[in-house]
Amino acid sequence: MYGKPRIEVHPENCRGCRRCEVACSWTEYGTVNPRLAGIRIWKLEEEGKVYPVFNQTCLDRFCGKADPGKKMDDEPLCVTSCLFGGIKMAREVSESE
Ligand code: SF4
Ligand code: SF4
């Protein structure tokens, strides 16, 4: 049986576009300010790598920010806004599986 949904991070797919940060901050605060988002995109210039990093609250439970076209508990807006698969939803599998 499948358990609660959780966010998975796939840094290898992340392009550093910051759509996720914008969607999160705009929806709650009406401003484009990555500092207000629950996700941060860390760009390691020297290594040429990008890492999406969530705060723990985002990883623990659904935040309530959803695309109007989606069901409330489908996926948070940051995931909906990611076009490259840098962040995705997954379901925890219970031990009885
Ligand atoms: S889970 Fe919610 S609060 Fe966290 S980054 Fe995504 S949209 Fe923002
Ligand atoms: S996680 Fe997705 S939306 Fe966010 S910066 Fe990476 S590719 Fe863009």
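Arg-18 sits in the loop that runs between strand S1 (2–9) and helix H1. This is a predicted model, and in it Arg-18 has a positive phi of about 70° even though it is not a glycine. Buried or exposed, where does Arg-18 fall? Arg-18 counts as partly exposed, because 19 other C-beta atoms lie within 10 Å, and a buried residue needs 20 or more.

**Helix H1**

- H1 covers residues 19–29, and its buried residues are Cys-20, Glu-21, Ala-23 and Cys-24.
- Why do these four end up on the same side of H1? They span an arc of only 165° around the axis, so they share one side of the helix.
- As a rule of thumb, an α-helix has 3.6 residues a turn, so residues three or four places apart point the same way.
- Right after H1 comes Gly-30, which has a positive phi near 70°.

**Around ligand 1**

- The shell takes in Cys-24, Cys-58, Cys-63 and Cys-78, along with Ala-37, Gly-38, Ile-39, Lys-65, Pro-76 and Leu-77.
- Sorted by class, that shell has 8 nonpolar, 1 polar and 1 charged residues.
- Cys-24 therefore turns up twice: it is one of the buried residues of H1, on the side shared with the other three, and it belongs to the ligand 1 shell.

**Around ligand 2**

- Which residues come nearest to ligand 2? Of the 14 around it, they are Cys-14, Cys-17, Cys-20, Cys-82 and Gly-86.
- The ligand 2 shell splits into 8 nonpolar, 3 polar and 3 charged residues.
- Cys-20 is also on the list of buried H1 residues.

Technical notes:
Residues numbered from 1 in each chain as written. Chains lettered and ligands numbered in written order. Predicted model: local features only at pLDDT ≥ 70, side-chain atom pairs only at ≥ 80, totals over all residues. Near = placed C-beta within 6 Å. Nonpolar A, V, L, I, M, F, W, Y, C, P; charged D, E, K, R; others polar. Buried ≥ 20, exposed ≤ 12 C-beta atoms within 10 Å, placed from the backbone. Helix = DSSP H or I, 4+ residues; strand = E, 2+ residues; numbered from the N terminus. Arc of directions from axis to C-beta.
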